Amino acid sequence: MDIHLVFPGEPRAVQSFRSTQRGRKYQPKENVEWKGYIRMVATQTLPSGWTPVDCPVRIKKALFVFAPVKSLKAAQRRIIEAGGFVSKTTKPDLTDNLFKGVIDALTGILYRDDALICGLDGVEKVYGRIPRIELVFDIQRKPLASDLFSMRETFEKATAKAGFELVFE
C-alpha cells in the first residue's frame with residue numbers, strides 16, 4: 001500500500017539536540033515547531049482512523065524541493081520555469097539533517113518507530129518552482145493468517161514434488 005505525503009513550504013534542516021553549559025540537552029524551538037508542522041500535515045493527510053504501522057516500510061520517493069536562488073544560471077531558471085528540477089548541491093546535507101528531521105517527526109504518526117524503514121529508493125534535493133517535501137512510502141503489511149496457510153500449502157506441495165518430507169510441530 002502506497003502512502004503519498006506532501007508538505008508545502010521550504011524544506012528545513014533539523015540539527016540534533018544541543019547542550020547547555022550545564023550539559024542539559026534540548027531541541028531549539030524552530031526544530032520543535034517544524035516537526036510539529038510535519039506531524040500536523042501528515043495527520044491531516046493520512047486516511048481517517050490511521051494507526052501507526054508496525055511492519056516494514058520502504059521509502060520509494062523522497063523529494064526535497066527548494067525555491068530557486070538568484071545565483072542560478074539562465075538555463076537552469078528556464079528548466080525550473082518549465083516545471084523541471086535542477087539539482088541542489090549546497091547545504092543542507094540531504095541524509096544528515098534534512099531527511100532525518102522529517103523521518104523522526106513521522107514516528108508515532110505513520111509508523112511506530114523509524115527503525116521500521118527498511119529501504120530507501122529515490123531521494124533528491126533540488127530547486128523547483130514550488131518548495132515542498134514529497135514522500136512516497138510503501139507500507140509492507142504483514143501477511144494475514146489466511147495468506148500464511150495458503151503459503152504453507154504451496155510450500156508443502158513444492159517440497160513433496162522435490163522428494164522432501166516436512167514436519168510441522
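## A mixed sheet and its core

In this predicted model, V57 of strand β4 (residues 57-66) stands opposite I117 in β6, where two strands pair if DSSP finds at least two bridges between them. Helix α3 (residues 94-105) packs on the sheet and touches β4, β6 and β7, its direction making about 115° with that of β4; axes are lines fitted to C-alpha atoms, for helices over the stretch in contact, and angles run from 0 to 180 degrees between N-to-C directions. Residues are numbered from 1 along each chain as its sequence is written. The model being a predicted one, local features need pLDDT of at least 70 and side-chain atom pairs count only at pLDDT 80 or more, while totals for chains, interfaces and linings use all residues, and side-chain values use heavy atoms, with hydrogens and water left out.

The protein chain has four helices and seven strands, which follow the pattern β-β-β-α-β-α-β-α-β-β-α when read along the sequence. Helices (H or I, at least four residues) and strands (E, at least two) are DSSP runs, numbered from the N terminus. Of the 169 residues in the protein chain, 33% are buried, where buried means under 20% relative accessible area, exposed over 50%, and partly exposed in between (1.4 Å probe, protein chains only).

Five of the strands form an open sheet with mixed pairing, in the order β1-β7-β4-β6-β5. β1 (2-8) and β5 (86-87) stand at the edges with a single partner strand each, so one side of each is left without a neighbour in the sheet. Strand β4, by contrast, has seven of its ten residues buried, so it is largely enclosed by the rest of the structure. The table sets out its pairings with two strands.

| Partner of β4 | Sense | Bridges | A facing pair |
|---|---|---|---|
| β6 (residues 117-127) | parallel | nine | F66 and Y127 |
| β7 (residues 132-139) | antiparallel | eight | F64 and I133 |

Helix α1 (residues 29-45) lies across β1 and β7 and runs at about 135° to β1.

Turning to the interior, the largest nonpolar core has 36 residues, of which L5, F7, F64, L106, L110, Y111 and F137 touch the most other members; such a core is a set of buried Ala, Val, Leu, Ile, Met, Phe, Trp, Tyr and Cys residues joined through side-chain atoms within 4.5 Å. β1, α1, β4, α3 and β7 each supply at least two residues of this core, and the largest share, six residues, comes from α3. When its neighbours within four places in sequence are left aside, Y111 is in contact (heavy atoms within 4.5 Å) with P52, V53, V57, I103, L106, L116, I117 and F137. Across the protein chain, 81% of the contacts between residues at least 6 apart in sequence join residues at least 24 apart.

A search of the whole structure finds zero disulfides, a disulfide being a pair of cysteine sulfur atoms within 2.5 Å. C55 is in no disulfide, and the nearest cysteine sulfur, that of C118, is 9.0 Å away, which is too far for a bond. C55 is buried, with a relative accessible area of 5%, whereas C118, at 49% relative accessibility, counts as partly exposed.
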